[in-house]
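Grab your viewer and a coffee. Here are some exercises to work through by eye, each with a worked solution.

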Amino acid sequence: MEMATNKKPGKWKKRTLAVRGGQVRTPFQETSEPLIFTAGYAYETAEEAEARFKGESPGYQYSRIANPTVTMFEERLAQLEGAPVARATATGMAAVTAVFLAGLKTGDHVVAANALFGSCRYVIETVLPRFGIGCTFVDGSDLKAWEAAMRPETKLLFVETPSNPTLSIVDIAAVAKIAESRGARLIVDNAFASPALQRPMELGAHIVVHSSTKYSDGQGRALGGAILCHPDFLDENLNQFLRNTGPSLSPFNAWLHLKSLETLELRVRQHCENAMKVADFLSHQKKVTRVLYPFRPDHPQHNLARAQMDGGGGVVSFEIEGGKSAVFRCANALQLIDISNNLGDAKSLFTHPETTTHQKMTQEARDASGVTSGLVRLSVGLEDTDDLCEDIEQALKVA
Ligand SMILES: Cc1ncc(COP(=O)(O)O)c(C=O)c1O
């Protein structure tokens, strides 16, 4: 199909890329990106079909393999991340799983930080060993531990930074160097920061994974994920794996996330401002024994967070005195903030990780990743912080 004229992309800055990156117009010259909601594509001739399958003629074949709306989302996200290429997936976990299964074989070994989302830990600790792939978990902040865990067969290193839900920070550049020196690749799960705050590939990470369900969507509507990498990993590992196993993103979800990227930076900046205010407020509450927020000076890795991130993010974690029962009393007293296990929404969401997102982990794994009984993960939304603080204050009274 002859595409309508597009003005040539120049050396655009991030804000411009967020709004226009990757856009392709149909002959209708629509201003808003089209939602191409189709499973298949027609060919003018049988010869054309053959040529497309041989890769000798450009164009789409089947939406499990690629779709124009999904491609626009991939291109825009790659431009914002400063990544050479991106592939979208149905969820963040589909992205995490696909990277491991596409990048590893029996006998390989993975090193991962202890502080991980429960499902990420499950894939590494439970799924991979079934295929004869070993794993070692380390304290992500301990560079010597990373070095010591490396084996000749180590192929992939995995971190979340900031981590879910303890917001611990891993030095991306330093761990990427360790990976590189041993011929391995570092994967960074960038779900909490989003490309608005952190671009791991610019710091040396080899692969980035995303749950676009979170800040890319930003309004809690649709699931999605993405893998960003260099062309060698795409060509040698990922492309064939994705097209044949099919963890594809729906064009509709891609369209939502593509359009939401236009406002990502503006939204995330406000999330950060609100989260900082709520974190400061929490630090003065009697029943709150600990506040974790990467940009507060009392965060143990505050300097590192400031060095590799452009903002502290929208999530604040804190501990309430009295453990699970106190957290439940507080949660049940909330009048505005919702109890939910999602995050990155315009609406503020209150999570008790021990009994929800991290419930299926062993106690030992929860201890290693800092998920205590009194820990709360608060995804601070875009509401007025006066209302949020008032709600938390009245709920803490009964905690
Ligand atoms: C750090 C992290 N990675 C991955 C995921 C999984 O994303 P999804 O729910 O889109 O599969 C989550 C979800 O909470 C997460 O917090």
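The exercises below cover the sheet, the cores, the salt bridges and one serine.

Before you start: this is a predicted model, where local features need pLDDT of at least 70, side-chain atom pairs count only at pLDDT 80 or more, and totals for chains, interfaces and linings use all residues. Residues are numbered from 1 along each chain as its sequence is written, and side-chain values use heavy atoms, with hydrogens and water left out.

**Exercise 1. Work out the strand order of the open sheet, and find its edge strands.**

Solution. Strands here are DSSP runs (E, at least two residues), helices likewise (H or I, at least four), numbered from the N terminus. Two strands pair if DSSP finds at least two bridges between them.
- Walk across the 7 strands and you get β1-β7-β6-β5-β4-β2-β3, with mixed pairing.
- The edges are β1 (85–89) and β3 (134–138), each pairing on one side only.
- Neighbouring strands are turned by 20° against each other on average, direction ignored.
- Zoom in on β4 (residues 154–160) and β5 (residues 185–189): they pair in the parallel sense over 5 bridges. F158 has I187 in β5 as its bridge partner.

**Exercise 2. Which strands does helix α4 touch, and which does helix α7 touch?**

Solution. Contact means heavy atoms within 4.5 Å; axes are lines fitted to C-alpha atoms, for helices over the stretch in contact, and angles run from 0 to 180 degrees between N-to-C directions.
- Helix α4 (residues 92–103) packs on the sheet against β1, β2 (109–113), β4, β5, β6 (207–211) and β7 (225–229), and its direction makes about 150° with that of β6.
- Helix α7 (residues 172–181) packs on the sheet too, touching β4 and β5, at about 150° to the direction of β5.

**Exercise 3. Find the residues with the most contacts inside the largest nonpolar core.**

Solution. A nonpolar core is a set of buried Ala, Val, Leu, Ile, Met, Phe, Trp, Tyr and Cys residues joined through side-chain atoms within 4.5 Å. Buried means under 20% relative accessible area, exposed over 50%, partly exposed in between (1.4 Å probe, protein chains only).
- The largest core has 62 residues, and L282, F318, I320 and F350 have the most contacts inside it.
- Its largest share, 8 residues, comes from helix α10 (residues 264–282).
- Apart from it lies another core of 28 residues, including A102, C120, F158 and I207.
- Back to F350: leaving aside neighbours within four places in sequence, its contacts include F318, V327, L334 and V376.

**Exercise 4. Where does E33 lie, and where does its salt-bridge partner K259 lie?**

Solution. A salt bridge is a side-chain nitrogen of Lys or Arg within 4 Å of a carboxyl oxygen of Asp or Glu.
- The structure holds 22 salt bridges; in one of them, E33 and K259 meet at 2.6 Å, N to O.
- E33 sits in the loop between α1 (14–20) and α2 (46–54) and K259 in helix α9 (residues 251–261), so the pair ties together parts 226 residues apart in sequence.
- E33 is buried at 3% relative accessibility, while K259 is partly exposed at 22%.
- K259 also bridges to E262, with the closest N and O atoms 2.9 Å apart.

**Exercise 5. Is S348 buried or exposed?**

Solution.
- S348 lies in the loop between β10 (338–339) and β11 (349–351).
- With a relative accessible area of 1%, S348 is buried.
- A polar atom of its side chain lies 2.7 Å from the backbone nitrogen of G381.
- Contacts of S348 beyond four places in sequence include I337, D338, S379 and L388.

Conventions:
Polar contact = N/O pair within 3.5 Å; in protein donor to acceptor, adjacent residues only side chain to side chain.
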